[in-house]
Amino acid sequence: MSQIDYDELSFDDEDEMKFPRPEVQGFDQVVERAVSRRGFLGGALAFGSGAAVMGAGLLNGTSALATQASRFAFDQLAPQTDGTVHVPAGYAWDVLVRWGDPLFSDAPAFDSDAGVPTEGSDRVFGENTDGMELFHQRGTELLVVNSEYVNPKINLPAEQEGKPVSLDDVTRLQNFQGVTVMEVAEGDAGWEVVVDSPYNRRIHHRTPMAIDGPAAGHDLLKTAADPTGTQSLGTFNNCGSGRTPWGTYLTCEENFNGYFGTSEEPALDAVHADGFKRYGVSTKVDPGRYNYHGFDPRFDISQNPNEPHRAGYIVEIDPWNPDATPVKHTALGRFKHENAAYALAPGGQVVVYMGDDERGEYMYKWVSRDVYVPGGDTSTLLSEGQLHVAKFNDDGTGTWLALTPEDTGMAEAEIAIFTRMAGTAVSATTMDRPEWIAVNPTVVEGYCCLTNNSRRGALDDDGNVRTNAAGEPMIPNAPNPREINRYGQIVRWRPHNDDHAASTFDWDLYVMAGNPTVHTDGLYAGTANINAGNMFNSPDGMQFDSSGLLWIQTDGDDDNEGDFLGMGNNQMLAGDPVTGEIRRFLTGPNGSEVTGLTWSADRRTMFVGIQHPAAPFPDGEGALPRSSIVTVKRADNALVG
Ligand code: FEO
Ligand code: CA
Ligand code: CA
């Protein structure tokens, strides 16, 4: 068995290990590349309201923030380093649900030492909570939540040290992931899951899915179990979320590659070999992080080489119909999908913005062929449309490049399956790991978290700039201007003609995170809206509230040392898009990522996800750490979003 401790290994580091690119020789050998900010500063100056901040002085220390009155209804929370959740004075938090809590009264009870047995593990709330959305109808509120991945060390008997030894173990891990639909209600004792609600449902790694769009039925999607290439089992690594205007949930398949492996050296044609390389599907004989392939041949690429082509999509789920088959929409492309943020264009088309969270990959936009008509047939709206990829220019403008057969040299189905290659074919801009995208409900603009990229601008042994998986050098560029980007930034774009379907846009950086107390000037100090009081790193989750405030969640280094001194645990902050001001609102327990945010129907409760705490949160000393969703309310029960 492998000696690799996957619990200590990020998905990116895992890919790097399996697909090594030349090593950096050392920080002192990294070339200090000149970064011309003149271009996008110029663009920012012409950008509008937010440009007051950026245009007055992009870099920290060169200007004060605009002096408009604060829109925040709370005082900034200080950074925290302990094992629990904190919120500002005047607010209170409570636990709604923890991994392993029952959705049905016949589910097994959670054991604080052993967790949940396999039998019934598909009847409890899943692990590693991530993206979520709340839906409401006639007084009923449904919370739909992703369970991104599992921590095998705390899901399997301790003596196995996180290694599955049977199909039963694999089944347990599969059951803890996917999506949970659950009814929630607020009573005198606060919010609770409505156990046995007819809406409660677990969708996991074996749940039947339908496949539609250009890749459906293609030879590359056919398997022995599904010779039609239109039906698959399971949705994988459900990271961020999205919703549609017609009230369905979108779950986004991110690091799907990690579930596949091989029991023997696979004999692959060039299409499969190139695809696995670009998407990080391992062809080495190794148990990997989960070792599904050791016990379930569906995940063994030497036996089922097309199975990985059936993952990596946006999946639509109808939360109100527990019998509805989720649909994988291949029209929206295949990559490591972070989330899916929709907008409606003036012409009625549905626009979906999406990021591919990998170093040096791209940002995408999809525009539906048909228009959305409230109350009309929406069943095929996400099946036909045009995928685009983002090209950022140094002058503060950008273009959404259409991924067409003419421009990519690929067939429509190939663009849907090997979307990354299509982006490379049209020379899309390499980004610093696009995470969540959020669309401002009050102004026609979008925001994307570019979480970090430690290899941007770094050199390999031969003195060449390191590349993405396509072999493109990750040279600093205007929206990703920093070498060895440890802190991350948020890029913002404003579509031309106030039309999210437009093919051109203006852009600027809403914020570059940084540490102005460690780096007193230069790019690592961050932008002017970062100060000693509100520092953070690695922006990841992001949602707008209905008033147009931008809520930012982090998944970064919480050592609180060195470059990260003074930032504390991962956190959630609120940003004002107009003034640029950013203020810390919530901190998570140490070791955790704060990810997933939605609101109750009455907007008096926020639901916030706490993923993979290291501390024994929330049950206390001696108990297993449990990913949880917490509620946050104001003491006076006023609106919180
Ligand atoms: Fe699952 Fe990129 O976060
Ligand atoms: Ca994320
Ligand atoms: Ca992340």
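**Exercise 1. Work out which residues T223 touches beyond its sequence neighbours, and how it sits in the fold.**

*Solution.* Start with the contacts: once neighbours within four places in sequence are set aside, T223 is in contact with N304, N306, E307 and R310. Keep in mind that we're working with a predicted model here.

Next, find T223 along the chain: it belongs to the loop between β7 (208-212) and β8 (231-233).

Then check the polar side: the T223 side chain reaches the backbone nitrogen of D226 at 3.0 Å.

Last, accessibility. The cut-off for buried is under 20% relative accessible area. T223 has 10% relative accessibility, so it counts as buried.

**Exercise 2. Describe the site of the calcium ion (ligand 3), and say where its donors come from.**

*Solution.* First, list the donors: E435 (OE), D540 (OD) and D555 (OD) coordinate the calcium ion (ligand 3), at 2.3 to 2.4 Å.

Now look at their spacing in sequence, which reads E-x104-D-x14-D. Take E435 and D555 as a pair: they link distant parts of the chain, 120 residues apart. E435 is in strand β18 (residues 434-439), while D555 is in the loop between β23 (550-554) and β24 (571-575).

Compare how open the two are. E435 is buried, at 2% relative accessibility, whereas D555 is partly exposed, at 26%.

One more job for E435: it bridges the calcium ion (ligand 3) and the calcium ion (ligand 2), and these two ions lie 4.0 Å apart.

**Exercise 3. Decide whether helix α5 is enclosed or open, and give the reason.**

*Solution.* Count the buried residues in α5 (residues 167-175): 7 of the 9 are buried, so the helix is largely enclosed by the rest of the structure.

Name them: D169, V170, T171, R172, L173, Q174 and N175.

Finally, ask what does the covering. Among the elements over those buried residues are α4 (152-155) and β6 (201-203).

**Exercise 4. Find out how many disulfides the structure holds, and explain why C252 is not in one.**

*Solution.* The count is 0 disulfides.

For C252, look at the closest cysteine sulfur. That sulfur is in C239, 7.5 Å away from the sulfur of C252, which is too far for a bond; the cut-off for a disulfide is 2.5 Å.

Try C448 in the same way: C448 is in no disulfide, and its nearest cysteine sulfur, that of C449, is 6.6 Å away.

As for accessibility, C252 is buried, with a relative accessible area of 0%. C448 counts as buried too, at 0% relative accessibility.

Terms used: Residues are numbered from 1 along each chain as its sequence is written. Chains are lettered from A and ligands numbered from 1 in the order in which they are written. This is a predicted model: local features need pLDDT of at least 70, side-chain atom pairs count only at pLDDT 80 or more; totals for chains, interfaces and linings use all residues. Side-chain values use heavy atoms; hydrogens and water are left out. Donors are N, O and S atoms within 2.8 Å of the metal (3.2 Å for Na, K and Ca); water is not among the atoms, so sites may look incomplete. Helices (H or I, at least four residues) and strands (E, at least two) are DSSP runs, numbered from the N terminus. Buried means under 20% relative accessible area, exposed over 50%, partly exposed in between (1.4 Å probe, protein chains only). Contact means heavy atoms within 4.5 Å. A polar contact is a pair of N or O atoms within 3.5 Å; within protein, one must be able to donate a hydrogen and the other to accept it, and residues adjacent in sequence count only if both atoms are side-chain atoms.
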